[in-house]
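Here is my note on this model, set out as numbered points. Please keep the structure open while you read.

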Amino acid sequence: MVLGPGGSGVSAVAAAAASQRPSTPRDSRRAVTRPEQHTLLITVDRWSPVHDWARVYRQPGEPVAVSKFLHLLTLDRLDLTERTWSGFVDVLEHTVGRSKAVMPGVGTLAGIDAAELTSLPGIDDFLLLRRIRDEATSGRWQRIVVDCSGCGDPLQFLRGGAVLSQALNRFWPRHRRLAMAAERPVMAQLTAAVDAIDRDCADVAELFADAHAVAVHLVLGAEDRARRLAEHYVAGADVMGLPLTSVQVNRGVGAESPEDLAAHVKGLLAGSGDVRVALVDRSTETIDRMARLRKLAVRLPDPYGIPRGSAAAVVETASEEPVAFRLSWSQRLPEPDSLALGRSGDDLLVTVSGFRHPVRLPSVLRRCMVVDAAWDDGRLTVCFVPDPAVWPRR
């Protein structure tokens, strides 16, 4: 996953990295027998210049061959939303048609046109992430490079599954869905459809925090704005548990010294020796074709299998009488005063510098209440005690 502030050269770095053929394929026999399916470059930016660089037509939703070892896939969020919603509406209409009971909520949903869904929380981001997940688990590609430019705030984009899951479970909690399906068999198909979406939300969130399968690369231009945003991106990656693997400082963007920015980022990442900071050379030619991008020789490190941030959270027993627990993980806080915590069902809502993300609690803490929290020496610790209303009594 290649991401960064707008204008930092995310598309150029992603395309340059995708155009490089790995020197040692993970499966050499597969590389020989199916060389055309070596690398897939995915872009979610409808205005991406990659098609022009690759000299291929834009075909949303279908991989297009760029070279023997590279395919390009453009994802159109509006097209994905409309096609997916049309299928879901068929299930809703089938449920309404078979039920003798009046179900105004379901009937209202069935009447919503796909074109009206642009503001449904997280739905379009989730559908893009799910399609990326499907390509990643299809077995067709040895590696996938995702260009996250053009999606606004990339951290908000990557949390689309968590946002949609929260919205679904606030609107129709799972225990109520299961109870209704048991009472009204006609609702079983609809319940199953909603449960499938909720499971996909969890699956997407789990995949993009999997340090064994995914590597996240932050691209920064050599400018003052990038220096200020770097802290917030790293803090957001911590709270989301994203496996940040490298920071690519683009010499071709900005007027500041890239070496100074690289030194600043290394200081920011002190204690994270597994995160590589690299400089991307400025091209001496106008970037208008893949061959010129290839000359930049951008190579992004592979996933290294070390979870980060909330994905590496540790639960400890603070005391036995009375029982208490501590949940902690490494968390950078650019603005310590902005830290806020909340609770929503099985999630701990963590707000860092105006960015809020639901961290799914381990099962032992879901029946507990938050009583205290502290941030010290770069580590966030949250204290819990059992909730008497749901904790089993001895």
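1. Start with strand 6 and strand 7. These two strands run parallel and are joined by six bridges. One pairing to look for is Gly221, whose bridge partner in strand 7 is Asn250. Keep in mind that this is a predicted model.

2. How many residues of strand 7 are buried? The count is seven of seven, so strand 7, residues 244–250, is mostly covered, with buried meaning under 20% relative accessible area.

3. Now turn to Leu220. This residue sits in strand 6, which spans residues 216–221. Is Leu220 buried or exposed? Its relative accessibility is 0%, so Leu220 counts as buried.

4. What is Leu220 in contact with, once neighbours within four places in sequence are left aside? Val247, Gln248, Val249 and Asn250 are among its contacts. Strand 7 covers residues 244–250. Other contacts of Leu220 include Pro5, Ser8, Ala226, Ala230, Leu261 and Val265.

5. Leu220 also shows how the chain folds back on itself in sequence terms. Leu3 and Leu220 are 217 residues apart in sequence. In space, their C-alpha atoms are 9.0 Å apart.

6. Next, the cysteines. How many disulfides does a search of the whole structure find? The result is zero. Take Cys148 as an example. Its closest cysteine sulfur belongs to Cys151, at 5.4 Å. That is too far for a bond, because a disulfide needs the two sulfur atoms within 2.5 Å.

7. Two cysteines can be checked for burial. Cys148 has a relative accessible area of 3%, so Cys148 is buried. Cys201 has a relative accessible area of 1%, so Cys201 is buried too.

8. Move on to the largest pocket. Its volume is about 1,100 Å³. A total of 38 residues line this pocket. Which of them lie nearest its centre? They are Ala202, Asp347, Pro358, Val359 and Arg360.

9. Where does the lining of the largest pocket come from? Helix 8 (160–171), helix 9 (174–183), helix 10 (188–208), helix 11 (224–240) and strand 13 (355–360) each supply at least two residues. Helix 10 gives the largest share, nine residues.

10. Last, the make-up of that lining. By class, the largest pocket is lined by 18 nonpolar, nine polar and 11 charged residues.

Notes: Residues numbered from 1 in each chain as written. Predicted model: local features only at pLDDT ≥ 70, side-chain atom pairs only at ≥ 80, totals over all residues. Heavy atoms only, no water. Helix = DSSP H or I, 4+ residues; strand = E, 2+ residues; numbered from the N terminus. Buried < 20%, exposed > 50% of the residue type's maximum accessible area, 1.4 Å probe, protein only. Contact = heavy atoms within 4.5 Å. 1 Å grid on protein atoms, 1.4 Å probe; cavity = no way out; pocket = protein on both sides within 12 Å on 5 of 7 lines; lining within 4 Å. Points joined across faces, edges and corners; volume = space filled by probe spheres on them. Nonpolar A, V, L, I, M, F, W, Y, C, P; charged D, E, K, R; others polar. Pairing = 2+ DSSP bridges.
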